[in-house]
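Colleague: I'm new to this one. Can you put it up and walk me through it?

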Amino acid sequence: MAGRPVVIGVNRTQDGSIAVACGRTSVHSLQKERMSRRKHHWGRLGDLPDHYLPRLSQLAGPVDLVVEGYSSDEEIANLAAYRAELRETLGLGEETPIVLVSHHLSHLYSAFPPSPFEEAAGLVVDAQGSRVRDFTEPVDLPPGTPGGLLEVSSFYRCSRDRIECLAKQLWDGDWARPAGLGCFYSLLTRMLWPSGEGNEGKVMGLAPFGDPDALGLPELDVRGHEVFIPQEWLDAFAQGAAFRYVTNGASTFKRSANLAAAGQRAFERALARLVAWLHERTGQANLVFAGGTALNCSANGRLIRESPFREVFIPPSPHDGGTAVGCALYGLIECLGVESGFRWADDFLGPDPDPAAIDAAVRALPEDLTAERPADLTGAIVELLASGRTVGLHQGRSESGPRALGNRSILGDPRVPAMRDYVNFEVKGREWFRPLAPLVLADHAERIFDVDRPAPFMQYAADVRPEHRDALPGITHVDGTARLQTVEPVRTPFLHELLTRWHERTGCPVLINTSLNGPGDPLTETPEHSIATLRKTNLHALALPPYLIRKRDEPPVPGEDWQPPARPA
């Protein structure tokens, strides 16, 4: 190993992804969905030559180690084919090792080593991870534990020189006998939205519209570090379309919302009990939390406010897409013995921007779009927003996680009552009840929201203070909460300047922020993706610094010549 070590991490599961750690501090990462344009696209053969290599220049140089992560699907049986593809595509010699890391351990390495803590308890909860026979970490299991059982939650004690797995909940994979907190929320989501993947956020947004007591469903059965699903819930899940969220009369909005409310409450309470068990077992003051369930910002808000841990850290990519980073850091630290200095200071891990590619995309604009280079781009964006228009913002390296944090974002005025409906219907093409998140200048966050800490990654919901709710209808959910992102100048200078200018112009330090994508699409990656989103939606403009792109035929403006359609009863 000469010079800076280079470790590639590859996630072959849902939300397929790749990461490259170059030396102690540099990390790049890219999700497959950003290039394939198919949300939650699983990792498969062909990803490296077709999606990753053309986009990430860091893959072109010498490589010291490759670390692969698999889950419970059958792709691990194709190990020989994957390794042959790696060696051929990257030009790896037989002397370059390729190693495996099991799923929950890759989640943990995406959370603890890049966290601000020297010591912490670690929690990983998702629907299903690796099988016992594929574990790459020591864990004390009863003699004779079947090798085919799946990890559904894992509990750790972490320090910079040792990571110890204290316990795991295991499951046999039979959906007729589901177990675990991740399985529960997966079933809840499928009950409401049976098709597609990644609808858990819809459940979380729908829940505040319901009554958690209306259906008489019980709490989950929590026994120490294990969660079991009572029969009453299984009976509800067996009712087919009875709770399905539809608009054709097969169910009702209220019935669907009641199920979501009951499920969200049961999830939050069971998670709180797991966290209390882990705190009692470890005595640690700090917690790191990862796995798909760590995207539940409502539950995260409760953990931060109410758990016995003094500090809680959740990485910006706690889902499977973030495990490529975990694989790369595992390889750097555990296999090469290099102390990692990478910390989650921001989530902008995507490919380095190419100004020439931006210029080329603008030169190739279709006739229905027009581009200019304003002398004051920030001021031009502020004026568009102040006139009630929506503006996409594409700048810098893309976010590695699922939250748009200002580099691939859609911005709007949170004071306009019709703005949320406009974005949901005319731009995102999604359900009317979906909340939109706020950007807020960090210096003003505590005045408007009930928070006592920064929220740079939009990971938890907090109350909008009552005196500000009526003035901010675009970001205040029906329960009075919002999933905020605090903005500071160090990591997001352009965004901070924009928000500062907006505050000076309007007296409001808050903007709407949602992901830059059209209906059913993942977050945009390239300039061409963002320009296509502008064209196919009723987004008004796209800022692609140094350019501002607008439509020759402008869409309607919310609150002026556009009003929302009727909502379901």
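Modeller: Sure. One term before we start: contact, or touching, means heavy atoms within 4.5 Å. Also keep in mind that this is a predicted model.

Colleague: Okay, let's use that term. Which residues does D368 touch, not counting those up to four places away in sequence?

Modeller: D368 touches R535, R550, K551 and R552.

Colleague: And where is D368 in the chain?

Modeller: In the loop between α11 (355-363) and β13 (369-372). D368 is partly exposed, with a relative accessible area of 33%. If you want a distance, D368 and V391 are 23 residues apart in sequence, and their C-alpha atoms are 17 Å apart in space.

Colleague: Switching to the inside. Which residues touch the most other members of the largest nonpolar core?

Modeller: Those are L123, L181, L206, W233, L271, L278 and F449, in a core of 96 residues. Helix α8, residues 253-282, gives the largest share of this core, with 13 residues.

Colleague: What does F449 contact, leaving aside neighbours within four places in sequence?

Modeller: Its partners are P438, V440, D463, V464, R465, I475, A482, L484 and V510. There's also a second, separate core with 42 residues, and V132, L170, C327 and W344 are included in it.

Colleague: Back to α8. How do α5 and α8 pack?

Modeller: Helix α5, residues 181-192, packs with α8 at an angle of about 170 degrees, and the axes are 10 Å apart. Angles over 145 degrees count as roughly antiparallel, so α5 is roughly antiparallel to α8.

Colleague: Which residues meet there, between α5 and α8?

Modeller: From α5 you have L181, F184, Y185, L188, M191 and L192. On the α8 side they meet S256, L259, A260, G263, Q264, A266, F267, A270, L271 and L274. The residues of this contact divide into 13 nonpolar, 3 polar and no charged.

Colleague: What about α4, how many of its residues are buried?

Modeller: 9 of its 9 residues, 103-111, so to speak the helix is mostly covered. By name, the buried ones in α4 are H103, H104, L105, S106, H107, L108, Y109, S110 and A111.

Colleague: And at what angle do α4 and α10 pack?

Modeller: About 85 degrees, with the axes of α4 and α10 (residues 323-335) 7 Å apart. Angles of 65 to 115 degrees count as roughly perpendicular, and α4 and α10 are therefore roughly perpendicular to each other.

Colleague: Which residues make that contact between α4 and α10?

Modeller: H103, L105, S106, H107, Y109 and S110 of α4 meet T323, G326, C327, L329, Y330, I333 and E334 of α10. Here the split is 6 nonpolar, 6 polar and 1 charged.

Colleague: New topic, rings. How many aromatic pairs does the structure hold?

Modeller: 20 aromatic pairs. One of them is W193 with F433: the ring centres are 6.2 Å apart and the planes are at 45 degrees, so the pair is tilted. This pair links distant parts of the chain, 240 residues apart. W193 sits in the loop between α5 and α6 (200-206), while F433 sits in the loop between α13 (419-427) and β16 (437-441).

Colleague: Are W193 and F433 buried or exposed?

Modeller: Buried means under 20% relative accessible area. W193 has 8%, so it counts as buried, and F433 is buried at 0%.

Colleague: What kind of pair do Y245 and F253 form?

Modeller: An edge-to-face one, with 6.2 Å centre to centre and 75 degrees between the planes. Y245 counts as buried at 11% relative accessibility, and F253 also counts as buried at 11%. Ring pairs link W193, F209, Y245, F253, W432 and F433 into a cluster.

Colleague: Last thing, backbone oddities. Where is there a cis peptide bond?

Modeller: Between P545 and P546, where omega is about 10 degrees. P546 lies in the loop between β21 (541-544) and β22 (547-551). Most peptide bonds are trans, and most residues other than glycine have a negative phi.

Colleague: Which sign does phi have at D15 and at M458?

Modeller: Positive: phi is about 55 degrees at D15, and about 55 degrees at M458. D15 is in the loop between β1 (6-11) and β2 (17-22), and is buried at 6% relative accessibility. M458 is in the loop between α14 (445-448) and β17 (461-463), and is buried with a relative accessible area of 1%.

Conventions. Residues numbered from 1 in each chain as written. Predicted model: local features only at pLDDT ≥ 70, side-chain atom pairs only at ≥ 80, totals over all residues. Heavy atoms only, no water. Helix = DSSP H or I, 4+ residues; strand = E, 2+ residues; numbered from the N terminus. Buried < 20%, exposed > 50% of the residue type's maximum accessible area, 1.4 Å probe, protein only. Core = buried A, V, L, I, M, F, W, Y, C linked by side-chain atoms within 4.5 Å. Axes fitted to C-alpha atoms, helices over the stretch in contact; angles between N-to-C directions. Parallel < 35°, antiparallel > 145°, perpendicular 65-115°, else oblique. Nonpolar A, V, L, I, M, F, W, Y, C, P; charged D, E, K, R; others polar. Phe/Tyr/Trp six-rings, centres within 6.5 Å; stacked < 30°, edge-to-face > 60°.
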